[in-house]
Amino acid sequence: MRYKIIFVLTFIVLGVFSFNPARSQGFEKFLRNSQISGNFQFDGMYYNKDSIIGAPDVPQKVLMNAFANINYTNGPFSAGFRFENYLYALQGYDARYKGIGIPYRFVSFEKDKFTITVGNSYDQFGSGLVYRTWQDPSLGFDNSLDGINVKVNPWKGITLKGIWGKQRYYFDWGPGVVRGADAEFSINDIFTKLNDKALRVSIGGSFVSKYQEADDPVYKLPKNVAAYGGRASVSYKNFLFNGEYAHKINDPSTINNRIYKPGNATLLQMTYAKKGMGFYLAAIRTDNMSFKSDRNAEGIDLNINYIPSLAKQTTYSLPTIYTYGTQPNGEFGMQAQGIYTFQKKSKLGGKYGTNLSLTYSRYNAIDKKQIDENTPIDSTGTLGYKSDFFKIGKNAYYENFNFEFSKKFSKTFKLIVDYFYIQYNSTVIEGHEMPNIHSHTVVVDMTFNINDKHSIRSELQHMYAKQGYGSWAFGMVEYTIAPKWFFSVSDMYNYGNAIAEKRIHYYNVATAFAVGSTRIALSYGRQRAGILCVGGVCRFVPAANGLMLSISSSF
């Protein structure tokens, strides 16, 4: 019925503009200024039972995820929505995604340095320690805020933000109400006399509060939980320094075992960059800093804030077997990275230059002590523990040392060689009781350009490890016919597994075709069970065997 009403109203509007010349001209101008854009993605898989890798029998046989974003803009006005279809969702995605609907829609208006958005929005205060909403379809993660988002620039160099609403919870909303404000001041822009100075300074502050009814029959739980933070950014010539501190009041939850200890997080980053060389140093400390709009939520559901990951990110298959997921209940992490380029026509640079990078990341527990000898650490209903801010815990969570050599030897050949040493605490990161895993991985990545359209790329990877799954070997060859065709064959072999029956080949063949902004990809093979992490946020990926079809397009 409602579609008929919309049709009739559209017909009437068009009729009015048709019979009134002045309005008709206005309507034509309106149409000229209108822009519609969007994108579409479909991922579907036919599943085979594979008892060798532990892939279960899927009753529906075919599962799929699909969504389409439609956006409209006309001058200061914009609106949009995302249609999502999970009937049924791919294995590894939460079963609560089952359904069809429009869980994301918004209307926005921008004028005179003022922007207001009603409906769903994504935003971030600072680095996200107290507030960040975002979406990643590969993780099945979406914590958008459904409500109101206001941004004001009352003066050059000043940005004010305000948010109020509820977070998306699959096809519903979480029970808590989230409210917050953020202010950022660029000192050099505010005081025009400082515009041409090499020293540039900006400062900012955030406040976020969540309200949730107290529903526990035993414990007295706070209905309002606030988090606040301050940050500063200072740059001088080739140097950039960023620092941020956040504090959260007592927030008993499922994640922290209902303790009443306040939380805090500190993030420090320093960068130096000039032509051919760069350094990056960073450190982060979090203590009881899980912040959700539902105290009973677990996993990645309903996160209000975001804890950045300082672990090395890579797309190579074997190093990602052991990837780090951030630990909001307490962690101390650091990363140091250096990049150097030997310039073209130098002795070590050769004709095309040579790139070297060295990265070291490490995460440890924070130091935790009992408040008194009669109360165990993290005891439900207590303050939990005390922790020395400057003392690092002895328990190592993760360590990653990476060296990368990249060089183009000729117009037709490029080589990348990577080495990874990874120490991985599976007990903490995955909850599997086992000794820490120590792995050494070498990657050789070679690209041969046959001509302007045809190229072959191959990867050879080897991981040596005694613990965990043992040693692995990986090989892949891909052939590209630009700009339309892509073909690949790969195999990941767990030849070093201590259990003979688990020395398995994870083979895969794939092809893709692209025309314009549309890409169609088809693949068949096995998928190993493990965790998938993006920026420290992780989900479990089950073993699977089957045929995968992916279609994506934008307009």
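Here are some short exercises on this structure, each with a worked solution.

The model is predicted, so local features need pLDDT of at least 70 and side-chain atom pairs count only at pLDDT 80 or more, while totals for chains, interfaces and linings use all residues. Residues are numbered from 1 along each chain as its sequence is written, and side-chain values use heavy atoms, with hydrogens and water left out.

**Exercise 1. Salt bridges**

Task: Find the salt bridge that joins Arg82 and Asp142, and work out which parts of the chain it ties together.

Solution:
- Step 1. Start with the criterion: a salt bridge is a side-chain nitrogen of Lys or Arg within 4 Å of a carboxyl oxygen of Asp or Glu. The structure holds 25 of these salt bridges.
- Step 2. Check the pair: the side chains of Arg82 and Asp142 meet at 2.7 Å, N to O.
- Step 3. Place the two ends: Arg82 belongs to strand 3 (residues 77-86) and Asp142 to strand 7 (residues 141-142), so the salt bridge ties together parts that are 60 residues apart in sequence. Strands here are DSSP runs of E with at least two residues, and they are numbered from the N terminus.
- Step 4. Look at the cover: both Arg82 and Asp142 are buried, where buried means under 20% relative accessible area, exposed over 50%, and partly exposed in between (1.4 Å probe, protein chains only).
- Step 5. Widen the view: Arg82, Glu84, Asp142 and Arg168 are linked in a network of salt bridges.

**Exercise 2. Two pairs that involve loops**

Task: Locate the partners in the Asp123–Lys161 and Asp215–Arg295 salt bridges.

Solution:
- Step 1. Asp123 and Lys161 meet at 3.0 Å, N to O.
- Step 2. Asp123 sits in the loop between strand 5 (114-121) and strand 6 (135-136), and Lys161 in strand 9 (residues 158-169), 38 residues apart. Asp123 counts as buried because its relative accessibility is 15%.
- Step 3. Asp215 and Arg295 meet at 3.6 Å, N to O.
- Step 4. Asp215 is in the loop between strand 11 (199-211) and strand 12 (224-236), and Arg295 is in the loop between strand 15 (277-287) and strand 16 (330-342), so this pair ties together parts 80 residues apart in sequence. With 2% relative accessibility, Arg295 counts as buried.

**Exercise 3. The nonpolar surface patch**

Task: Name the residues that make the nonpolar surface patch, and find which strand gives the most to it.

Solution:
- Step 1. Recall the rule: patch residues have over 30% relative accessible area and no salt bridge, with like charges joined within 9 Å and nonpolar side chains (Val, Leu, Ile, Met, Phe, Trp, Tyr) within 5 Å. Areas come from the Shrake-Rupley method with a 1.4 Å probe, and for residues only the protein chains shown count as cover.
- Step 2. List the members: Tyr46, Val62, Val489, Tyr507, Val509, Ile520, Leu522, Tyr524, Leu547 and Leu549 make a patch of about 800 Å².
- Step 3. Sort by element: strand 24, strand 25 (518-527) and strand 28 (544-554) are the elements that give two or more residues. Strand 25 gives the most, with three residues.
- Step 4. Pick an example: Leu522 is in strand 25, and its 39% relative accessibility makes it partly exposed.

**Exercise 4. A polar contact in a loop**

Task: Place Asn497 and find its side-chain partner.

Solution:
- Step 1. Asn497 lies in the loop between strand 23 (485-493) and strand 24 (505-515).
- Step 2. Its relative accessible area is 7%, so Asn497 is buried.
- Step 3. The side chain of Asn497 makes a polar contact with the side chain of Asn494 at 2.8 Å. A polar contact is a pair of N or O atoms within 3.5 Å; within protein, one must be able to donate a hydrogen and the other to accept it, and residues adjacent in sequence count only if both atoms are side-chain atoms.

How values were computed: Helix = DSSP H or I, 4+ residues; strand = E, 2+ residues; numbered from the N terminus.
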